[in-house]
Structures are given as structure tokens and as C-alpha cells.
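Visitor: I'm new here. Could you walk me through this one, please?

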Amino acid sequence: MTKVEAIVQPNRFEQIKDALIGLGIEGMTVSEVRGHGRQKGHTETYRGREYGIDLLPKVKLELVLEDKLVDPVIDAIIKNGATGKIGDGKIFLYKVEEAIRIRNQERGAAAL
Amino acid sequence: MSVIAKEGKKLSLSEKVSRLVTRLRDPEWRRYGGLLLGGKALGIGLVLLIVTVVSGLLFGHVYAQTGTPEVKAADVVNPVNTAWTLIAAFLVFGMQVGFTMLEAGFCRSRETVNVLMECVVDTCLCGLLFYAFGFAFMFSHGNGFIGYHWFFLQGAPATYEATGVAFLAVWIFQFAFADTCSTITSGAMIGRTGFVGDLLYSVAVSGFIYPIIGHWAWGPDGWLATMGSDGHFFSSLGMGFHDFAGSTVVHTIGGFIALAGAIVLGPRLGRKFKRDGGAPMLPHDLTIAVSGGLILWFGWYGFNPGSTLSAMDFEGIGRVATNTTLAACAAGLTAMFWAYMSSKKWDAGFTTNGFLAGLVAITCPCYWVSPTGAILLGGIAGVLVVLGVELLEYLRIDDPIGAVPVHGFCGIWGTLSLGLFACGKYGATGPTGADNSAALKGLFYGGGTQVLVAQIIGSAVITVATLAVAMAVMLVVNATGLLRVSEEGELYGLDLHEHGISAYPEYVISALGAPSGMTQELPLAPAKASLATTKPLSHIAS
């Protein structure tokens, strides 16, 4: 089992979600987050004074998958999430040791 | 008594309070204080007594000397009518608050500052334009198509026409109307219009389209107003176009300029329509939107009853206010039930737009219909607005707040409804009272089709002319490339792109950015540190 954690552009999220559902993904956890990468945000002005916007809004997707689904999911996120510009986000993968369904204590792939 | 020892120095408030508390514990200080208070009360009482007695004497004396002053009718009528018109003007101006809140609530949070700015700046622009030439085009004498006197309010009489209302009181009343029309327009264009583009088309709306087309119906010699009378357009009809407070002149013109804007702009990025499997973009604050709708309703009590320009027509004012209320009540309910039939939910957005639709519809016929008629025609408007929203959805026209169905479509319905519901009892308002000698009678009251035909002609002419001119204006502004913001600016949000700040920089997570000095106060602050230290675990992928 692998956990896919993707940080994507908010305006790309709907498209990515639709593509993932099309792949047969059954569950996902989504949060609105803020952060910055190498670019470190930029500046805006209020009442004529500049201020920094260093944390930009992103959407974070978390999915725990059977290993065979990982590559198609990564492809779908990249295909639907890439605009080619700075700020498209990143995908992180983690090994997952165990998954447990709280309702009936199923374990492993059955719990996903 | 140590506190008292500090006397002579300047004491702070808390020192004074503690000194007072100390003194109140001392019976001698209490006696002294009581004496002081009693003396002061006695003094004030004496002064009041003297003022009453002396002024009474003086007044009586003067009155006895001059006798009863001779008061002409105009000395009472003109101030009373002017005061009434001004009260109504201030109420109508208050509708700007309602529009601002309604539009801000129905839009997404990322374009809220843009909505606020458009409503404020439209008002400022409209004021200056209406001073320079808007009022002249619309309300001065000229020909049937345009007025050409009183530019920059020069050469104006003391009172406007035969109303007996001070000229500048009429000006501010009509400015508030023009401002309403101009603000309606921005509602359908939210979320994608560049700020400079907004300024450009607003100049066209408040300075030219509204005043010139409005002159046809409301100008002293407008060709639709004089229609049917001897020597004017279509004299064989024998009936002019009637629009009491502006279902057509304000709302249809505003609504159809909005339609032209929404068509030329195209939908917001990412807006999918119902038949493409999509749905409207969600509003960001229904509390603000619905409260704004109710403030508009309140402002309408200036809009409709004030349009008598005459407090002397007191029966008319009462009837108009009641009809306005009943139409809104009926329309709110019919919109709610109609929407419930398809969605099985009691929809707040449709109910709010429903009572607004009722208000728009009753604006034209409010003087001439009975309360029952107002309920019927308002109720129909409530259904129409829901159907209108569905129609725009089908046509793939993105109108974020529903300005076109509410103001455009229901403005037409309200105007035509006069031809059906005019009850045959009421004629024209006037500076000293109503003149019911030539009462309007609609089809349902046995008056035949005369009024209806006049209303259809007026409504059709103004609707078509507005749409044609507005399309031309929007296409020209669009050709300069200023009407719609860049794709990047739209996705980033108009607030930051055009105005440099979001409406809720501190506490709404999806709002972009916060002043850098504030980030430590945000609950998200620790995320910055953890994100910075997060490194991709690339070995897992390999």
C-alpha cells in the first residue's frame, strides 16, 4: 500500500478529482492548505503599501492505494494538474504499513 | 483623605473615581454633595421656568401684532412635496447598500472587493455624469428623443415643471434612480470584468444609454410619454406609455444592458451549465446576500411611493406602498414554492430573487392597480424569475446574481401587467392631489386592450433599443481588450489582481494571501515551517 499526497492548484482540483473517480478510486481526503515552494510568493499592495503574499492557497489530496493503482493515479494527476507554469504543486509517495477500517477492524487492502 | 491632598494637580479618571468613592463614605461630604446637587437642580428649574414664561409672552405679543399671516397654497405644498421627495431620494440611495450586499453575497469570495469597488465607483461616476449631462438629456425639454437644456444644471428653474418640488430635490431623486440602473448592470458581469472596462461601460450607461432612452418615457416631451395624444406618435391609439416608477425605464434598461454584458463577456472560467452537467458557482455569503435583498425592499419604499413627487397625493402614497409590499410578499412565496417543486428544497437564493422580482414587477403598475391585483401580478413575477434563471442556464449565459431575470424579464412583465390589471379607478398623480378624471383601465377590468397595446409598444421599443445599443457599447469596450480580465487574473481572483487585497485577508482560508506581518497570528502559521522542512521521499517511489 502506498499513500499518494498531492499538492495541486485549486482551480485544477475539480478536473483531477473527476479523472481519479474515472479511474475507480473510491476514497480520498482533501484539504485546503497554504504554502510556498521555491518561488516564495509575491507582493500585493493595500492603501499604497506593499505587503507580501508568501503563502499561496493549494489543495492537498491524500489517497492510500494498492500499489498497482499508484502509477495510473500519478499519471492522472500530472495530466490534469499541469499548466506548465510555476506553482503547479508536487506529488509525494509514502509506504503505508497497515490500514484498518474502524467500523469492523478489516485490515490491509480490504480496508481501503 | 490622602486622595484629596492631591487637589490642584490633574487627576486621571480612575483617580477621580476613587476620590469620589472615598468622599461618599464621609457623611460630611455626602451632605455637601447633596446640597450642591439640590442647588443646581433648583437653578436649572428656575432657568427653564423663565425661558417658558418669557418666550410665551414674546410669541403671544408678536402674534397679536401681525395677525394671521397670509399663506398661499404653494407656500405649504412645495415644501411638503420637496421634503417627501427628498426622504424618498435618501431611501432610494440606500438601495446602493442593498445592491452592494446582494452582489457581494452572491459572488465568490475572491471577487468581493471588486464588487464593492464597482458599486461605489458606479455611484461616484453616475453622480458627476448626471450633473453634467445625464439629467439634461433625460428630464429637460428638447425633442421626443433627447433633452438639451440644463447642462451642468445651468439655467434651471426653482421648481421642476409643475411638480412644485425644488429642482435640485428632483435632481437628487433622479440621480438615485440612475445609480440604481447603473448598479443593476454590474450584477450580471461579476467575476470577470476588468475594472477599467467597468468604468468605460459605466460611463456609457449612466451618461448616455439610461438618460437618453429614459427621456423617451419620462422626459417632459418624450415620444413614448406623449404617444397617443394629438399631433404625436400613434395618435389614433389615444393612450400614452405609462411607467410609474420605472419597471421599464430603470429595471428593464439595467437588466438588458446586463444581458448584453454577460453575452459579450461569456461565462466565468470553469462555469459549467446545467445541460453540460454543471451547476451555478456557489455564493460565498448568503447572510449578506439575503440581508442586502431586504435592504433593497426597504429602499423600494422610496422608489415607488416617492415617484408621486407629491406628499399631497396622500392616498396614492399609501396605495403604492401597500401594493409594493403585497407584490413582494406574493412573489417571494411563489418563487419559493415553484423552486421547491423541482428541487424539494426551500431555496434561499430563489426566494430572495423572488421577492425582488415582485418589487421590480410592481414598480410600473403600483399606482394604478388594486392590492389584489398587486398580489396576482407579483405572484406571477415570482414564477417568472425562476423560469428566467432556467432559461439563461439553458442559453449558457452566466449571470451570477440573476440580474437579467429579476430586472430584465420581470421589468417587462411588470410593464405589460399594467395593461391587464389597471383597475380603472386611478388616473394621474399631481402636486396638490390625484387627478382621477382619466383613469387607466386594463383588460381584466373591462378596459379593452388600449392600455395593453401602449405598454407593449413602450416596453418592446425600449427593450430592443437598449439591447441593441448595449451590445454595441459592450462590443466596442471588448474590442479595446479592457472588458474582460486576463485568464491569469481571473483564476487568481479579481480582488488581488485588480485591487491588491482580498475581502477577508485574515480569516477565510481560501482567500488568497495575508499581509506578511499577520501570518504569525494565523492558525496556519506552523504549516509554513513544516512545509519548508518537508522533503520528498523519492526513494519510496523508486
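**A walk through the model**

Guide: Let's begin with a helix in this predicted model. Helix H2 (residues 67–81) of chain A lies across strand E1 (2–8), E5 and E6 of chain A, and H2 runs at about 5° to E1(A).

Visitor: Which strands of chain A stand at the edges of the open sheet of four strands?
Guide: The sheet pairs antiparallel, in the order E2-E5-E1-E6 (chain A). Two of its strands each have a single partner strand, so one side of each is left without a neighbour in the sheet. Those edge strands are E2 (29–35) and E6 (89–95).

Visitor: In E5(A), what is the bridge partner of A:Val30?
Guide: E2(A) pairs with strand E5 (residues 56–65) of chain A in the antiparallel sense, over seven bridges. Within E5(A), the partner of A:Val30 is A:Leu61.

Visitor: Now chain B. How many helices does it have?
Guide: Chain B has 542 residues, and 49% of them are buried. Its secondary structure includes zero strands. The helices come to 17.

Visitor: Which helix gives the largest share of the largest nonpolar core?
Guide: In soluble globular proteins, nonpolar side chains tend to be buried together. Here the largest nonpolar core has 135 residues, and B:Cys410 is among those with the most contacts inside it. B:Cys410 touches residues including B:Ala357, B:Ala381 and B:Pro405. The largest share of the core, 12 residues, comes from chain B's helix H7 (residues 247–265).

Visitor: How many residues are in the other core, which lies apart from it?
Guide: Among its members are A:Val8, A:Ile16, A:Ala76 and A:Leu93. The number of residues in that core is 14.

Methods:
Residues numbered from 1 in each chain as written. Chains lettered and ligands numbered in written order. Predicted model: local features only at pLDDT ≥ 70, side-chain atom pairs only at ≥ 80, totals over all residues. Buried ≥ 20, exposed ≤ 12 C-beta atoms within 10 Å, placed from the backbone. Pairing = 2+ DSSP bridges. Contact = placed C-beta atoms within 7 Å. Axes fitted to C-alpha atoms, helices over the stretch in contact; angles between N-to-C directions. Core = buried A, V, L, I, M, F, W, Y, C linked by C-beta atoms within 7 Å. Lists of a residue's contacts leave out its neighbours within four places in sequence.
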